[in-house]
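The following exercises concern a protein model with two chains. Please work through each task before reading its solution.

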Amino acid sequence: MTAQATVHRSAGDPSGAMSLARRRTRAAWLFLAPTLVALAAVGLWPLARTVWLSLTDARLGQTGLARFVGLDNYRLLIGDPEWWNAVWNTLVFAVGSVAIETALGVVFALVMNARFRGRTLVRAAILVPWAIPLVVSGKMWAWMYNDLYGVVNAALIGVGLISAPVAWLADADLAMVAIIATDVWKTTPFMALLVLAALQMVPNDVYEAARLDGVSPVRVFFRITLPLIRPVLLVAIIFRTLDALRIFDLVYIMTSNSRQTATMSIFARRELVEFADVGYGSAASVLIFLIVGAVTLAYLRAARLRPEEAAR
Amino acid sequence: MSRILPAIGLYALACAIVVFALFPFAWAVISSLKTGAAIFDASPIPAEPSLRNYAAIFAEQPFGRTIVNSLVVGAGTVALSLVLALGAAYALGRVAFRGRGLLLMVILAVSMFPQVAVLSGMFELVTALGLYDTHAALIVSYLIFTLPFTTWVLTTFMRDLPKELEEAALVDGAGPLIIITRIFLPLMGPAIASTTLLAFLVAWNEFLFALTFTLTTNARTVPVAIALISGASQYEVPWGPLMAASVTVTLPMIALVLVFQRKIVSGLTAGAVKG
């Protein structure tokens with residue numbers, strides 16, 4: 001077919017196949033250009049501006065008047081306990097939520113991978129939290145956590161676990177626990193679906209052989225299943241960690257700008273928009289970008305440099 | 001015995017998962033049907049179920065308008081991403097040129113940017129273009145989320161289409177535009193459907209840009225409107241109408257997701273599983 005096309009072309013065009021390939025490449029760049037321009041405009045350019053603004057004393061709405069101040073914003077940021085508090089909160093949230101979501105996600109996936117009646121119902125039900133907008137999830141859970149009328153307190157008092165209502169979202173430590181629980185509810189389905197897809201690719205005869213050899217299910221899981229789904233699990237954990245490090249919506253909805261639960265993104269947006277301090281807020285944003293980038297690279301390296309995979 | 005016990009355990013776990021997944025939404029529905037003082041009572045069945053909360057959000061607040069805004073922004077985001085990504089996918093999936101792999105990685109990297117890291121630059125862009133508090137501000141800024149994955153999914157799909165189709169068209173003298181729209185597009189139903197859904201969900205759910213780039217009901221979308229429903233103090237939050245609003249915007253999403261369950265799951269997992 002290719003030869004035919006070339007012959008057809010070269011009949012009226014002496015430069016022949018070379019020019020066809022070149023024309024295709026030119027067309028490719030032409031069709032690619034709008035996407036590249038759009039991504040440069042909404043991605044690279046704003047990022048570059050944020051980096052520049054972080055080196056100035058820009059105020060919101062008058063960034064044109066900004067003066068270059070060097071690394072002053074970063075120097076202030078490093079000495080700002082509020083910032084470190086936000087970094088700590090983000091780490092607690094990221095480690096807590098991703099760890100629980102991974103463990104629960106694997107359990108959910110194992111259940112959904114088993115053969116039983118009603119399995120499709122479980123798979124459909126698990127998509128519901130995923131479909132609910134994050135803002136709505138935050139409000140729904142905030143209502144359930146309500147100290148006076150919330151169903152969480154009513155249920156816990158009902159079964160005798162607590163004797164008086166707890167102000168879940170007002171207490172510093174409890175608020176973070178409450179936010180993590182909400183995120184776990186919302187995001188475990190994503191984890192479970194990824195793990196389920198990986199489980200379904202494990203050939204059945206592997207389990208069959210293990211069963212015939214009388215290996216206990218727990219050993220089968222840790223010795224056979226887990227190593228086989230590890231690559232997918234790693235990818236899922238990377239995606240979730242990157243998301244968790246950027247968390248904004250849920251925290252903003254459930255505890256607003258409260259310092260007790262403020263994450264890095266909450267801190268940066270508050271400086272940028274509420275305090276109109278674009279220079280300082282941008283410096284925080286750049287640090288978030290660097291932290292997220294460093295974590296991505298670290299994960300990629302860790303995933304690639306495992307000896308057993310290198311040997312493959 | 002050794003076979004029955006695990007089966008019971010499995011069913012118990014499955015039931016626990018279903019309850020865990022559905023209870024919060026069910027509770028929101030129950031609460032939204034309670035009016036007056038009944039909402040402060042934690043009983044699972046509303047004594048006098050009424051739709052008054054639903055009527056209230058449309059009568060007392062411009063909730064209808066914010067739903068229209070969200071639909072416009074969602075449709076605009078989907079349309080713009082698809083048009084741009086189709087062209088890009090043709091170039092990246094069908095034409096062998098140098099730097100193709102690098103470009104794909106750069107496009108992927110853009111989707112990894114923390115939203116807040118582009119916030120101040122994006123705010124400048126939006127105001128400089130005169131788009132503040134308009135639908136266009138959100139449609140343009142949402143491209144940073146939707147364009148990378150739309151381009152990736154469509155590229156992967158287009159790359160796997162048979163070579164002969166394109167060559168036959170080339171022989172007939174068709175240009176790339178004809179090849180994309182007349183030959184590839186009709187075959188790409190599944191890929192278009194799953195990217196449309198995922199891009200729409202992203203636009204429908206997005207909060208930070210919507211909160212920052214809109215000011216009035218002119219362009220305010222549903223998540224911002226719901227976030228802004230509040231009372232004079234935290235003890236006066238109108239929980240009934242708030243839950244009614246939450247249920248109203250969530251039901252269509254749940255319906256969409258359940259109807260297109262397969263497409264969404266395959267779209268979500270394709271990248272991770274195939275590596």
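A residue is called buried under 20% relative accessible area, exposed over 50%, and partly exposed in between (1.4 Å probe, protein chains only). The model is predicted, and local features need pLDDT of at least 70. Residues are numbered from 1 along each chain, and side-chain values use heavy atoms.

**Exercise 1.** Determine whether A:Ala197 is buried or exposed.

Solution. Begin with the location: A:Ala197 lies in helix H8 (residues 172-199) of chain A, where a helix is a DSSP run (H or I) of at least four residues. Next, consider the accessibility: the relative accessible area of A:Ala197 is 15%, so this residue is buried. Finally, A:Ile229 is 32 residues from A:Ala197 in sequence, and their C-alpha atoms are 9.3 Å apart in space.

**Exercise 2.** Describe the contact between chain A and chain B, in which contact means heavy atoms within 4.5 Å.

Solution. First, count the participants: chain B contributes 92 residues and chain A contributes 89 residues. Second, consider the salt bridges, each a side-chain nitrogen of Lys or Arg within 4 Å of a carboxyl oxygen of Asp or Glu. Between chain B and chain A the count is one. A:Arg49 and B:Glu124 form a salt bridge through their side chains, at 2.6 Å from N to O. Third, locate the main contributor: helix H1 (residues 4-32) of chain B supplies 15 residues, the largest share of the side of chain B that touches chain A.

Technical notes: Chains lettered and ligands numbered in written order. Predicted model: local features only at pLDDT ≥ 70, side-chain atom pairs only at ≥ 80, totals over all residues. Helix = DSSP H or I, 4+ residues; strand = E, 2+ residues; numbered from the N terminus.
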